[in-house]
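Colleague: Could you take a close look at one part of this model for me, the central packing, and walk me through what sits against what?

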Amino acid sequence: MSELLKDKIAKLNADALALQAKSSAELEVLRQKYLSKKGEVSLLFDEFKTFPKEEKAQWGAPLNQLKRLFETRMQELKDQLADSPANRLNDAPDLTRTPDPIALGTRHPLSLVREQIIDIFSRIGFTVADGPEVEDDKHVFGMLNFAPEHPARDMQDTFFVEKENGIQKPTDILLRTHTSSVQTRVMTAWSKALNNDPENAPHSLRVLCPGRVFRNEAISARAHCFFHQVEGLYIDKNVSFADLRQALLYFAKEMFGPETQIRLRPSYFPFTEPSAEMDISCDLCGGKGCAFCKGTGWVEILGCGMVDPNVLESCGIDSNVYTGYAFGLGVERIANLKYRVKDLRLFSENDVRFLEQFQSC
């Protein structure tokens with residue numbers, strides 16, 4: 001048995017020294033032949049396990065040396081193939097590609113405007129809050145002082161979620177029509193913090209709520225079934241309408257230029273009282289009147305007002321102690337004013353010719 005094993009080891013040593021491979025495929029064939037589970041070296045080790053104990057001590061070292069020799073030779077061949085001219089050619093540039101550089105992508109105009117709005121308000125203490133797009137009637141309408149018969153609840157304005165995976169769902173599940181639903185969630189969480197740990201809870205609430213909203217409207221150049229909003233909320237003791245006006249004047253000057261003026265017109269929203277629409281002076285005509293501002297010298301950009309006491313109370317905040325203001329603006333509206341985009345559909349059609357216009361922004 002010893003002589004037979006000696007001859008096998010000698011033959012395999014010679015095979016190892018003579019190993020050659022011209023490709024990775026050939027190298028894999030050699031590995032399978034000698035080092036795989038059924039390979040010749042592995043079978044020799046299986047045979048070694050049946051030897052008497054006294055012979056194992058004699059042949060253990062030569063067998064291990066044989067295995068290491070095969071592993072070393074395989075690695076040498078692998079390194080040679082990696083350095084071969086054929087492989088170096090695979091790493092070379094693809095000469096069939098166009099010589100023109102690949103164009104870099106650009107930021108979407110709505111992303112640019114959204115981040116600019118957030119940046120401006122963050123300088124005066126606002127932080128970003130987020131919430132779900134699929135909401136319930138309570139947070140979208142009920143806690144915001146909407147009457148049960150308010151037309152905004154109608155199917156013509158709101159997308160209600162009726163079924164999910166074939167299962168009937170309550171009709172109060174809907175796609176949010178404004179990001180004010182985030183404000184109700186934030187106010188509720190803040191009021192709980194005030195009640196549970198008044199010493200460590202923030203003494204005021206100042207948040208921005210950016211996000212996508214949905215309304216059941218016909219898609220046209222001036223309207224879409226989804227768009228983007230940024231809403232702001234500030235609640236503290238002794239907050240006044242003057243604080244609201246000053247914050248919005250600051251925003252208008254930072255967004256549209258230091259010469260921008262604002263005016264506030266009385267309006268109505270269920271969740272604010274008093275309420276107002278805010279206009280900015282037309283930067284095309286300097287307030288003199290033109291086609292863009294329809295001859296008025298002013299352009300509407302947002303709605304705002306003091307948070308209605310009913311809204312504060314519905315969120316668990318004592319309206320006798322705290323007051324606050326809220327405002328909301330459409331990102332598409334601001335983008336239209338900045339970039340003079342006349343068709344809202346361009347923002348969601350992913351037309352590369354349109355997006356390329358914002359490469360330098």
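Modeller: Sure. One thing to have in hand before the angles: they run from 0 to 180 degrees between N-to-C directions, with axes fitted to C-alpha atoms. And keep in mind that this is a predicted model.

Start with the sheet. It's an open one of seven strands, ordered 1-6-7-11-10-9-8, and the pairing is mixed. Strand 1 (127-128) and strand 8 (262-269) are the edges; each has a single partner strand, so one side of each has no neighbour in the sheet. Strand 10 (residues 298-307) pairs with strand 11 (residues 323-330) in the antiparallel sense, over five bridges. Along there you'll find Met 306 opposite Tyr 325 of strand 11.

Now lay the helices on. Helix 9 (residues 241-256) lies across strands 8, 9, 10 and 11, at about 150° to strand 10. Helix 6 lies across strands 1, 6, 7 and 11, and runs at about 165° to strand 6.

Helix 6 (residues 109-122) also meets helix 11 (residues 331-339): their axes come within 9 Å and cross at roughly 100°. That makes helix 6 roughly perpendicular to helix 11. From helix 6, the contact uses Pro 109, Leu 110, Leu 112, Val 113, Arg 114, Gln 116 and Ile 117, while helix 11 brings Val 331, Glu 332, Ile 334, Ala 335, Lys 338 and Tyr 339. By type, that's nine nonpolar residues, one polar and three charged.

Helix 11 itself has Val 331, Glu 332, Ile 334, Ala 335, Asn 336 and Leu 337 buried. Their cover includes helix 6, helix 9 and strands 7, 9, 10 and 11. Just past the end of helix 11, Arg 340 has a positive phi of about 60°.

So what's in the middle? The largest nonpolar core has 45 residues, and the ones touching the most other members are Ile 117, Ile 280, Ile 301, Tyr 325 and Phe 327. Among the elements that each supply at least two residues to this core are helix 6, helix 11, strand 10 and strand 11. Helix 9 gives the most, eight residues.

Ile 117 is a good one to click on. Leaving out residues up to four places away in sequence, Ile 117 touches Leu 208, Val 230, Phe 251, Met 255, Leu 329 and Ile 334. There's also a second, separate core of 28 residues, including Phe 146, Ile 235, Val 311 and Cys 315.

How values were computed. Residues are numbered from 1 along each chain as its sequence is written. This is a predicted model: local features need pLDDT of at least 70, side-chain atom pairs count only at pLDDT 80 or more; totals for chains, interfaces and linings use all residues. Side-chain values use heavy atoms; hydrogens and water are left out. Helices (H or I, at least four residues) and strands (E, at least two) are DSSP runs, numbered from the N terminus. Angles under 35 degrees count as roughly parallel, over 145 as roughly antiparallel, 65 to 115 as roughly perpendicular and the rest as oblique. Contact means heavy atoms within 4.5 Å. Ala, Val, Leu, Ile, Met, Phe, Trp, Tyr, Cys and Pro count as nonpolar, Asp, Glu, Lys and Arg as charged, and the others, Gly among them, as polar. Two strands pair if DSSP finds at least two bridges between them. A nonpolar core is a set of buried Ala, Val, Leu, Ile, Met, Phe, Trp, Tyr and Cys residues joined through side-chain atoms within 4.5 Å. Buried means under 20% relative accessible area, exposed over 50%, partly exposed in between (1.4 Å probe, protein chains only).
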